[in-house]
Amino acid sequence: MRVKASAPGKVILFGEHSVVYRGPAIVLAIDRRVEVLAEPRGDDLLFIEAPDLGVSGFFHEGRYHPAAGGRRGEGVLRPLWVAVERTMERLGRKTGVSLSVASEIPIAVGLGSSAAASVATVAAVGELLGGGLTPEEISLLAYEAERVVHGTPSGIDNTIATYGGGLVYERGKGMERLESLREIPLVIGNTGRSRSTGELVGRVRRLREKYRTLVDPIIDAIAHIARLGREALLEGDLWRMGELMRMNHGLLWALGVSSPELDRLVNAALEAGALGAKLTGAGGGGCMIALAEPDRLGAVSTAIERSGGSSLRAGISRSGVRVWRVEG
Ligand code: MEV
């Protein structure tokens, strides 16, 4: 038997970084997905190939043996090994597995590719071993893999990759699903600079340890922006959303997680008539988003590209993780 599963990437509209501490974040699944093909093996190895990333290798008793792409493959593939191990422990079954991972989501730029890969891996391997995992279990098992990637994740990335659509997510409190969301006129701008979420979350943590009385009010202000952003989003008030996005970017800048490239793309989008723009995800490089009236989206994309970024138009993905059996 062979099984495929896929899960979507995401953009955070409001509340990244603050959500690690308190308060909500607003996140949308995008119609770019990671797909994982899983098949059983006759031995006890886990083999993973990820041609889009140029890496492949084996895990045997927890040790990585590269087949292509050298040792750097270990950092990329280890979270998937964790996802597979936790899934097998949960289901009380063990077998060798081959995984093939294909991604439409650019990697390590804040669009949730690692969580989507973990969620799709748990779902595919879970089905291969007899199925029965609930979405909540899939998300929790993928969270274990996320912890390997970035230490103290809030859980937002695995949650959106599992459920899709639009969510208000709050650590420890769970999620509110935003049903009946209309399309939101967004452009994603990619600086092309990859970065590590764990490192950026650590940067904010260190700043907070040093300047607790300054950083906590910034975190509270971002959390408040996310609450107001939820209202504006539900009312379809693009102008207010734009204003809140601009403030959100300024506060993330103050937390030290923007970058000259991100600021350049944000400013270019605003100059081209975007209603609002901000970095999205962990920052430090990676992606920004710009909100614009539909007739300005083209001009905003062009401005992002002229400023050295690549632009991507993505719609909301209503569907979260999907899993299906493959014949042959
Ligand atoms: C990463 O997509 C979002 C962060 O807030 C980290 C997290 O919530 O785990 C930066």
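How much space lies in the largest cavity? In this predicted model, local features need pLDDT of at least 70 and side-chain atom pairs count only at pLDDT 80 or more, while totals for chains, interfaces and linings use all residues. Residues are numbered from 1 along each chain as its sequence is written, and side-chain values use heavy atoms, with hydrogens and water left out.

The largest cavity holds about 30 Å³ of space; a cavity is a set of points, on a 1 Å grid over the protein atoms alone, where a 1.4 Å probe fits but cannot get out. Its lining, meaning residues with an atom within 4 Å of a point, includes Leu 28, Ile 30, Ile 184 and Gly 315.

Turning to the interior, the largest nonpolar core has 68 residues. Such a core joins buried Ala, Val, Leu, Ile, Met, Phe, Trp, Tyr and Cys residues through side-chain atoms within 4.5 Å, buried being under 20% relative accessible area with a 1.4 Å probe, protein chains only. Domain 1 (2-179 + 317-326) and domain 2 (186-314) both contribute residues, so this core lies between them; the bounds come from an automatic or database domain assignment. Ile 188 is among the core residues with the most contacts inside it. Val 11, Ile 30 and Leu 111 are among the residues that Ile 188 touches, leaving aside those up to four places away in sequence (contact: heavy atoms within 4.5 Å).

The largest pocket, an open set of points with protein on both sides within 12 Å along at least five of seven lines, is lined by 46 residues. Both domain 1 and domain 2 supply at least three residues to this lining.

Note on methods: Grid points are joined across faces, edges and corners, and a volume is the space filled by probe spheres set on the points. Buried means under 20% relative accessible area, exposed over 50%, partly exposed in between (1.4 Å probe, protein chains only).
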